Amino acid sequence: MSGSLSLQVRKSYPGFTLDATLEAAPGITGLFGPSGGGKTTLIDLVAGIRTPDSGRILLDGEPLFDSRAGVDLPPEKRRIGYVFQDGLLFPHMTVRQNLLYGVRGSSGTAFGDICALLGLEDLVTRYPATLSGGEKQRTAIGRALLSNPRILLMDEPLSNIDPARREAFFPYLERVRDEMRLPILYVSHQLDEIVRLADRAALISDGRIRASGPIEQLFRAAEMKPYLGYFDAGVVLNGTAGAPEHGLVPLEVAGGRFLANDPALATGANVRLRILARDVAIARKKPEDISVLNVLECRIAGMETLENGEVDIDLVLKAAAAETPDHITARITAWSAERLGLKDGDRVFALIKAVAITRGHGPGV
Amino acid sequence: MTAPFLQPPEIDALLLSLRVAGVAMLASLPVAILTAQLMARHDFRGKSFLDGLIHAPLVLPPVVVGYLLLVTFAPTGVVGGWLLETFGISLAFNWKGAALAAAVMAFPLVVRAIRLSIEAIDPRLERAARTLGAGPGRVFLTITLPLALPGLLTGALLGFARALGEFGATVTFVSNIPGYTQTLPLALYSAAERPGGEASALRLMLLSLAIAILALILSEWSARRLKRRMEHGS
């Protein structure tokens with residue numbers, strides 16, 4: 001299989017055991033979970049920086065590690081690109097020398113292309129000590145890509161970037177994702193990064209993979225609940241942007257259609273929407289004369305009372321015919337649920353106050 | 001004999017000293033670098049024993065080291081006999097022997113300085129280089145060694161100064177023969193012992209002081225220059 005990673009590994013430390021099975025295809029696979037859960041250990045095992053106790057790591061079908069066959073390639077023979085948390089640029093070399101350090105043979109991607117992709121043209125003569133956090137990280141990504149890797153491992157690449165400049169950094173990562181066509185393992189404990197960048201994700205905690213799959217499915221997994229937190233609870237949906245009407249862009253999802261105010265969105269673009277549970281209200285009758293744009297007909301598919309007395313209501317969209325319609329979640333008070341007499345199977349209207357588009361901008365999408 | 005200028009025998013001692021210390025450093029530096037890398041980056045059985053062995057010249061009386069060298073490297077000794085037979089090299093009572101004694105006595109200082117500077121390098125930089133396709137040898141030459149350069153220079157100059165001052169092991173191993181093994185400290189000792197040698201002793205003392213201070217200043221200056229180049233990238 002070309003461009004894919006498949007691993008099944010076990011590694012024990014005193015008081016901690018990592019036991020993980022994972023597949024990754026081209027595109028970004030997010031590794032998400034609490035600190036100390038084993039995310040970085042897992043990509044270190046793929047890189048060959050640490051050695052599993054047992055198991056198998058296959059890249060494009062070729063074993064990098066196989067405890068039964070006695071295979072354990074050293075890091076330099078694995079052709080992996082590793083972008084470390086703090087970049088780890090070589091301080092005694094210029095940006096150019098750093099970028100060229102791992103260039104292998106002539107089959108490597110051209111220097112100029114990578115510099116253009118990451119906006120490094122004006123930095124090549126500088127030394128790492130004079131670069132900003134984002135510039136360092138872009139150089140580190142370029143250095144890894146120029147070594148012509150078969151997979152890219154990224155360990156919290158945004159953690160050393162000034163929060164105000166993070167937004168400007170996403171397009172670079174999106175371009176790498178869309179243009180390099182590599183499997184990328186992306187470690188982060190920031191959910192918004194994963195939602196924005198990843199196609200699939202795995203939740204890792206206490207050394208185990210607790211849940212994995214496409215982002216929109218993962219968000220509905222029960223195992224994710226504790227990690228979403230009170231304010232972040234909600235769903236992630238994939239959709240397509242339609243032609244603008246009334247200056248608004250319609251976003252088609254399975255079983256429904258949202259209107260969003262985003263003039264930058266190109267018609268036909270694939271988008272990822274994030275709808276927080278606390279932004280969804282419920283009405284028995286279709287409200288009229290209301291400023292909320294998105295009022296969707298739904299069926300209640302489940303109800304869960306939270307510890308604080310609020311109720312999470314699982315809603316299936318049914319505004320349009322769809323084989324497997326998308327779900328959204330509404331979070332309302334127990335009093336409201338009682339007042340409206342809500343129960344499983346009821347037909348209601350969801351009032352959605354905010355739809356966040358986390359993906360779909362920029363070229364190449 | 002109150003001339004302020006160096007006399008020919010003193011110039012001989014100076015040149016001999018520079019040659020002995022210079023050769024001692026150049027020849028022992030590669031060994032010191034590899035030993036420092038081994039101690040800084042690897043764990044193996046007998047590491048503390050090797051550590052003790054490296055540091056032995058610091059704590060042993062120099063006469064003991066000199067005598068050990070004499071027993072081992074004299075033409076009648078195990079290694080000395082083999083060297084003479086195989087390569088025709090004799091270390092007894094000549095400047096090469098003096099260089100060996102100086103190198104052995106300076107070795108712990110040199111290894112220590114280099115080891116500290118290697119240990120100060122973030123080992124993750126070396127790992128990053130491995131993931132970029134560099135084998136251990138290339139990592140050492142392109143990452144470890146350049147980053148350890150300030151410590152390496154300090155170590156080499158410190159060792160050079162220590163080698164210039166070597167007395168006990170040298171006099172025991174290769175004796176004190178003017179023109180052959182009489183380095184600056186030995187010449188100073190002889191002059192101080194000789195009636196009427198006070199002026200010569202004074203000149204040799206000032207000379208030794210000047211060389212030592214020069215070496216220290218040079219070491220500081222070069223280390224700072226290297227550090228600045230790395231930090232500000234000029």
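Reader: What makes the second largest cavity a cavity, and how much space lies in it?

Author: About 40 Å³ of space lies in the second largest cavity of this predicted model. The term cavity applies because a 1.4 Å probe fits there but cannot get out.

Reader: Which residues line the second largest cavity?

Author: The lining consists of Asp51(B), Ile54(B), His55(B), Pro108(B), Val111(B), Arg112(B) and Arg115(B). Helices H2 (47–59) and H5 of chain B each supply at least two of these residues. H5(B) gives the most, with 4 residues.

Reader: How do you know which class each residue in the lining of the second largest cavity belongs to?

Author: Asp and Arg count as charged, so Asp51(B), Arg112(B) and Arg115(B) fall in that class. Ile, Pro and Val count as nonpolar, so Ile54(B), Pro108(B) and Val111(B) go there. His is in neither list, so His55(B) is polar. The split is therefore 3 nonpolar, 1 polar and 3 charged residues.

Reader: How many cavities does the search of the whole structure find, and what is the volume of the largest?

Author: The search finds 4 cavities of 30 Å³ or more. The largest has a volume of about 50 Å³.

Reader: What lines the largest cavity?

Author: Ser17(B), Val20(B), Ala98(B), Ala102(B), Ala163(B), Leu164(B), Glu166(B), Thr170(B) and Thr183(B) line it. Helix H1 (8–41), helix H5 (95–119) and helix H8 (149–164) of chain B each supply at least two residues. By class, the lining has 5 nonpolar, 3 polar and 1 charged. The charged one is Glu166(B), because Glu counts as charged.

Reader: Why is the largest pocket called a pocket and not a cavity?

Author: A pocket is an open set of points, whereas in a cavity the probe cannot get out. The largest pocket is therefore open. About 640 Å³ of space lies in it. Of its 26 lining residues, the closest to the centre are Leu69(B), Phe73(B), Leu100(B), Ala103(B) and Val104(B).

Reader: What makes up the lining of the largest pocket?

Author: H1, H2, helix H3 (62–73) and H5 of chain B each supply at least two residues. H5(B) has the largest share, 7 residues. The classes are 23 nonpolar, 2 polar and 1 charged.

Reader: Now chain A. Why are E16 and E19 called edge strands?

Author: The open sheet has 5 strands in the order E16-E20-E17-E18-E19 (chain A), with antiparallel pairing. Strand E16 (280–283) and strand E19 (327–333) of chain A each pair on one side only. Neighbouring strands of this sheet are turned by 45° against each other on average, direction ignored.

Reader: How do you know that E20(A) pairs with E16(A) and with E17 of chain A?

Author: A pair needs at least two bridges. 4 bridges join E16(A) to E20(A), so that pair qualifies. Strands E17 (residues 294–305) and E20 (residues 347–352) of chain A share 6 bridges, so they qualify too. Both pairings are antiparallel.

Reader: Which residues in E20(A) are the bridge partners of Ile282(A), Leu296(A) and Cys298(A)?

Author: Ala350(A) is the partner of Leu296(A). Ala350(A) is also the partner of Ile282(A). For Cys298(A), the partner is Val348(A).

Reader: What makes E20(A) mostly covered?

Author: Buried means under 20% relative accessible area. In E20(A), 5 of the 6 residues are buried, so the strand is mostly covered.

Technical notes: Residues numbered from 1 in each chain as written. Chains lettered and ligands numbered in written order. Predicted model: local features only at pLDDT ≥ 70, side-chain atom pairs only at ≥ 80, totals over all residues. Heavy atoms only, no water. 1 Å grid on protein atoms, 1.4 Å probe; cavity = no way out; pocket = protein on both sides within 12 Å on 5 of 7 lines; lining within 4 Å. Points joined across faces, edges and corners; volume = space filled by probe spheres on them. Axes fitted to C-alpha atoms, helices over the stretch in contact; angles between N-to-C directions. Buried < 20%, exposed > 50% of the residue type's maximum accessible area, 1.4 Å probe, protein only.
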